[in-house]
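User: Please take a close look at one part of this model, beginning with a loop whose backbone is unusual, and then follow the chain outward from there. I would like one connected account rather than a list.

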Amino acid sequence: MDAPEKTIVNEAVFKSVEIKDIATETWTEKARGNTLKISAPNPHIIVDKNASVSGISFTKPDGAKGGVMKRMKLDVQGTVNGAVSFGTLVKNADVKVAKGASLAKGVSFASSAGKSNVKLNVAGTVGDVSCNAADAKLTVTMEDNAASVGNVSVNTGMDVAIKAAEAVTNLAKQIAVVLKNAAAKLSSQVKVSVTVQADNASVVLSASAKGSELTYGSGVTTAGISTETAVTVKKEGSADTVTIPADTKGSVTLEGGKVTTSPVAPTGIELNYNELNMFTSDSEDLAVSLVPAYAKASIKSVAWEVTEGRELIEVKADAEDTSKAVLTANTKGTATVKVTAVITDQSKAAETEVTKETTLKVIVEDKAEANKPNPEPDAGEPSITVTPAKLEMTAGGEPAELTVSLNPADAKAEVTSLAWTIKDADGNPSDIVSVTKKQGSETSAASVTAAKAGTAVITAAASIKVEGKAEPVTKTAEVAVTVAAAQTPAGVPVVTVTAPTVSTTPTSAAVTTVSPAAFTILNSSIAATVDNKSAEVTVIAATPAESGLTQKSADGGFQYEIQSQAAGKYKVTFTLKINGENYDVDITVDVTGSGSSYSATAAAGTPKEPAQIFD
């Protein structure tokens with residue numbers, strides 16, 4: 001759909017709908033079963049109360065609109081069965097999930113969504129939230145006591161804030177957050193359960209987050225904390241808990257079951273927006289916070305000044321809290337806001353006052369102009385067409401051919417070079433197919449080979465030399481690809497993996513009264529056969545399939561300590577390269593014994609992905 005001046009109400013089932021351009025207001029989805037792929041620059045999408053959407057992805061807009069999604073609104077009043085995925089930078093995004101509505105598979109941020117700024121207002125149900133966009137900001141606001149959000153996993157240096165609307169007094173479900181990156185940051189105004197799995201990740205808790213719990217991973221020694229309420233902390237694998245008192249700020253050190261805090265000085269200030277894109281007459285809330293968030297300091301006062309484009313915007317500080325302000329856009333253009341904060345530094349023996357500054361770039365657009373159609377291509381600039389535009393293939397089957405032609409065919413131009421890229425629905429590189437130039441045709445054709453089941457988009461980027469123009473132009477065209485799983489022919493040889501030999505070694509704690517069981521799986525003890533013939537095996541990785549195991553390095557293999565200190569069956573998933581192909585194999589270790597005397601046997605399960613190899 002490419003209709004930049006249209007407001008659309010859709011009730012038809014197309015299975016897949018790509019929305020390249022619509023009016024800023026609005027696409028209303030009333031159908032059941034469509035997947036929405038959105039690359040419009042300023043979309044407003046409404047999922048009707050009775051609608052059911054298979055999934056929604058936001059991807060990079062076409063270059064004619066600057067290649068950036070500036071503002072986005074998504075109002076979910078019905079059901080989204082798949083994930084809502086951000087595969088591109090969205091400078092200002094508002095997602096609302098109404099009471100009774102559901103985002104069943106939650107929200108995901110790809111690395112390509114870096115520096116996005118997203119508000120997620122939840123009155124209904126949202127599944128897990130996966131954060132992979134470094135420097136992005138996500139603010140989750142719980143709008144109803146019955147609202148729920150699944151596990152929030154912060155895998156990069158992403159800034160996540162969790163708040164509650166004024167009417168929310170007691171959330172029915174506690175939110176669990178995992179911080180997996182040193183630059184990950186969580187600030188919460190509601191009760192949360194936080195697991196910190198990386199040194200230097202920071203947690204900021206307001207007084208209203210009373211009852212929150214912190215768990216630090218076994219390998220974490222230092223983290224940041226700023227809490228207005230007392231919080232209970234513990235180390236993974238230990239039942240011992242320590243309470244960090246209210247009004248604690250600084251760097252937390254965890255050693256030997258003890259928790260100590262050291263004051264940290266402020267290094268600067270930051271705003272809740274990296275860059276602000278607005279339409280005329282719109283308003284946005286601004287807020288200043290300390291850097292780092294756990295600095296032992298307080299903001300004494302803030303001055304707001306429009307240093308460029310004073311006639312374009314207005315900034316009005318909050319009468320009760322000058323660290324907050326409201327910015328209103330009046331006229332289109334670019335403006336700059338200078339923010340100066342006086343900070344009371346309490347990290348030293350004597351309190352001192354320091355001044356910190358930051359700036360905010362504000363881009364204001366006229367809403368009517370934003371809805372104008374994309375400009376038509378200049379005369380004499382042909383596009384390209386790829387035939388076919390849609391491929392349905394089978395993994396391991398016959399290759400398909402793609403042909404590139406100029407459009408119009410009689411254009412006075414030639415394709416001088418051609419490049420191919422393959423990406424998934426979220427805009428990330430995909431390996432389900434490969435594209436090679438067709439022999440004897442360097443620029444006009446290619447061959448596609450399917451490697452495994454899945455969907456992808458092949459993009460052809462052509463450099464076109466136009467007669468009478470000094471510089472070539474670049475045009476792109478896409479091919480939608482669906483690859484079905486290969487059928488298993490009769491008589492195909494099956495790969496089997498023999499059970500490895502497992503040695504057991506006592507740990508240093510074995511001399512104590514209670515000793516944990518431990519076992520080592522040696523790389524050299526893992527063997528495989530293909531067609532009853534010995535195969536070459538390389539261990540790529542090993543991952544405990546159960547939380548009760550602690551993995552440690554060992555000479556020539558992997559050592560595991562059993563946290564429960566009990567005999568039993570324990571499973572580890574190995575990734576093995578067998579005759580050049582990767583397989584996942586579950587190895588189950590049966591540990592028997594007690595005290596300081598243990599023995600173990602092991603057996604390998606059926607290899608997974610792929611289950612078979614073909615001649």
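Analyst: Strands are taken here as DSSP runs of at least two residues in the E state, numbered from the N terminus. On that basis D247 sits in the loop that links β29 (241-244) to β30 (248-255). The coordinates belong to a predicted model, and what follows should be read with that in mind.

At D247, which is not a glycine, phi is positive, at about 60°. Most residues other than glycine have a negative phi, and most peptide bonds are trans. As for the surroundings of D247, its relative accessibility is 64%, so the residue counts as exposed, the cut-off for that class being over 50%. N200 can be set beside it: N200 is likewise not a glycine and has a positive phi, of about 75°. N200 belongs to the loop between β24 (192-196) and β25 (202-205), and with a relative accessible area of 42% it is partly exposed.

Further along the chain, the backbone departs from the usual in another way, through cis peptide bonds. One of them joins V291 to P292, with omega near -10°, and P292 lies in the loop that leads from β34 (283-291) to β35. A cis bond also runs from T387 to P388, where omega is near -5°; P388 is found in the loop between β40 (383-387) and β41 (390-394). Each of these loops leads on to a sheet, and the two sheets can be taken in turn.

The strand after P292 takes part in an open sheet of four strands, ordered β33-β39-β38-β35, with mixed pairing. Its edges are β33 (276-279) and β35 (297-308), each of which pairs on one side only, and the average twist from one strand to the next is 30°. Within this sheet, β38 (residues 333-345) and β39 (residues 352-365) run antiparallel and are joined by 13 bridges; T340 faces E357 of β39 across this pairing.

The strand that precedes P292 has a part in a pocket as well. The second largest pocket has a volume of about 1500 Å³, and 47 residues line it, with K163, Q189, A287, V288 and K324 the closest to its centre. β34 supplies the largest share of this lining, namely six residues. Sorted by class, the lining holds 19 nonpolar, 13 polar and 15 charged residues.

The strand that follows P388, in turn, belongs to an open sheet of four strands in the order β41-β47-β46-β43, where the pairing is again mixed. Here the edge strands are β41 and β43, and each pairs on one side only; the average turn between neighbouring strands, with direction ignored, is 25°. Strands of a sheet pair through backbone hydrogen bonds, either parallel or antiparallel. For β43 and β46 (residues 454-466) the sense is antiparallel, over 10 bridges, and L418 has A462 of β46 as its bridge partner.

A413 gives a detailed view of how this region is put together. It lies in β43 (residues 413-423), and its C-alpha atom is 4.3 Å from that of V466, although 53 residues separate the two along the chain. Leaving aside residues up to four places away in sequence, A413 touches I464, K465 and V466, and also P382 and L406.

L406 leads on to β42 (residues 400-407), where the side chains alternate: A400, L402, V404 and L406 point to one face and are buried, whereas E401, T403, S405 and N407 point to the other and are not. Buried in this sense stands for under 20% relative accessible area. β42 pairs with β40 in the antiparallel sense over five bridges, with S405 of β42 as the bridge partner of T385. It also pairs antiparallel with β45 (residues 445-450), over four bridges, where L402 stands opposite A446. The β42 residues named in these two bridges therefore fall on opposite sides of the burial cut-off, as L402 is among the buried residues and S405 is not.

Definitions and conventions:
Residues numbered from 1 in each chain as written. Predicted model: local features only at pLDDT ≥ 70, side-chain atom pairs only at ≥ 80, totals over all residues. Heavy atoms only, no water. Contact = heavy atoms within 4.5 Å. Pairing = 2+ DSSP bridges. Axes fitted to C-alpha atoms, helices over the stretch in contact; angles between N-to-C directions. Buried < 20%, exposed > 50% of the residue type's maximum accessible area, 1.4 Å probe, protein only. 1 Å grid on protein atoms, 1.4 Å probe; cavity = no way out; pocket = protein on both sides within 12 Å on 5 of 7 lines; lining within 4 Å. Points joined across faces, edges and corners; volume = space filled by probe spheres on them. Nonpolar A, V, L, I, M, F, W, Y, C, P; charged D, E, K, R; others polar.
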